[in-house]
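Q: I would like a close look at one part of this protein, with some sense of how that part sits in the whole. Could you take me through a helix and its surroundings at an unhurried pace?

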Amino acid sequence: MKSTYLLGVAALLWATSACQSDRESAQTPAPVMSSVYRDGQANGVEPTYPNLSGARAAAATTAQQQEVLTYINQARSKPCQCGTTTYPAVPALTLDAQLNAASDKYAVDLATYNYFSHTSRDGSQPWDRMTREGYIWRAAGENIAAGYTTPRAVVDGWLKSSGHCKNIMSANFQNVGVGYGYSASSTYKHYWVTDFGTRR
């Protein structure tokens, strides 16, 4: 049976060797969408995310967040080819609690309500969700993916896709948040979100 994976990328600012590991390989289709940059603050719509303590979808663990961060920073530590462009090594990102909250709530929402988009059910974009959590950004971006079962596989999937790889290798970003949602009743079961940012 053929596995299905989905990827999505959104970015506000963009600024060899293959960056992904050889340990896991997965079929990686092109991104399903790319969100358009939106300037300004949150749109004022109240979020409709499920309660993270509920049983409908599992959220990310600290171990998963740290593992995704490790693989992202491994990629950033050396030059990386994203599509036809080679990006130089860039400084490591740090996990940010507010970006973790934005990413995790959104991943759980995707899994719980069985959809895949950078635009949430309430119409918010990645930067709106970051602002809601109190992260005041000057650069913002988001990668999403669905169907990948491990942190290594999802990071490798993003690195094999030009737009997602550019977000990972962007020198404009200093922080990242990692989110994961799982629901057995959703189409892809596993949903991943990384929100990238730099504070004002």
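A: Happy to: what follows is a walk around helix H2, with a look at its surroundings, the cores and the disulfide.

Please keep in mind that this is a predicted model. To get your bearings, the protein chain holds five helices and eight strands. Reading from the N terminus, their order is β-β-α-β-β-β-α-α-β-α-α-β-β. Of the 200 residues in the protein chain, 52% count as buried. About 8500 Å² of the protein chain is exposed, and carbon and sulfur atoms supply 51% of that area.

Now to helix H2 itself, which covers residues 97-113. With 17 residues at 1.5 Å a residue, H2 should span 24 Å, and its end C-alpha atoms are indeed 24 Å apart, so the two values agree. At the N-terminal end, Asp96 acts as the cap of H2, with a side-chain oxygen 2.9 Å from the backbone nitrogen of Gln98. Just after H2, Asn114 has a positive phi of about 55°.

How enclosed is this helix? Twelve of the 17 residues of H2 are buried, so the rest of the structure largely encloses it. Among the buried ones are polar and charged side chains you may want to find on screen: Asn100, Ser103, Asp104, Asp109 and Thr112. Leu99, Ala102, Tyr106, Ala107, Val108, Leu110 and Ala111 are buried in H2 as well. The partners that the buried residues of H2 pack against are H1, strand S5 (94-95), helix H3 (126-132), S6, S7 and S8.

One neighbour deserves a stop of its own. Gln65 is in helix H1, and it counts as buried because its relative accessibility is 10%, where the cut-off is under 20%. Leaving aside residues up to four places away in sequence, Gln65 touches Ala60, Leu95, Asn100, Asp104 and Val178. Two of these contacts, Asn100 and Asp104, are buried residues of H2. A polar atom of the Gln65 side chain also lies 2.9 Å from the backbone oxygen of Val178.

From here we can step out to the nonpolar cores. In soluble globular proteins, nonpolar side chains tend to be buried together. The largest nonpolar core here has 29 residues, and those touching the most other members are Val155, Leu159, Ile168, Met169 and Trp192. Two or more residues each come from helix H1 (62-76), strand S3 (80-82), strand S6 (137-146), helix H4 (151-159), helix H5 (162-169), strand S7 (175-182) and strand S8 (190-199). A second, separate core has ten residues, including Leu110, Tyr115, Phe116 and Ile144. Leu110 brings us back to H2, where it is one of the buried residues.

The last stop is H5, where six of the eight residues are buried: Gly163, His164, Cys165, Asn167, Ile168 and Met169. Cys165 is joined to Cys82 by a disulfide, with an S to S distance of 2.1 Å. This bond links distant parts of the chain, since Cys82 is in strand S3 and Cys165 in helix H5, 83 residues apart. The torsion about the S-S bond is about -60°, so the disulfide is left-handed. Both Cys82 and Cys165 are buried, and the disulfide count for the model comes to one.

Note on methods
Residues numbered from 1 in each chain as written. Predicted model: local features only at pLDDT ≥ 70, side-chain atom pairs only at ≥ 80, totals over all residues. Heavy atoms only, no water. Core = buried A, V, L, I, M, F, W, Y, C linked by side-chain atoms within 4.5 Å. Buried < 20%, exposed > 50% of the residue type's maximum accessible area, 1.4 Å probe, protein only. Helix = DSSP H or I, 4+ residues; strand = E, 2+ residues; numbered from the N terminus. Disulfide = S-S within 2.5 Å. Areas by Shrake-Rupley, 256 points an atom, 1.4 Å probe, with all protein chains shown as cover. Expected span 1.5 Å × (residues − 1). Contact = heavy atoms within 4.5 Å. Polar contact = N/O pair within 3.5 Å; in protein donor to acceptor, adjacent residues only side chain to side chain.
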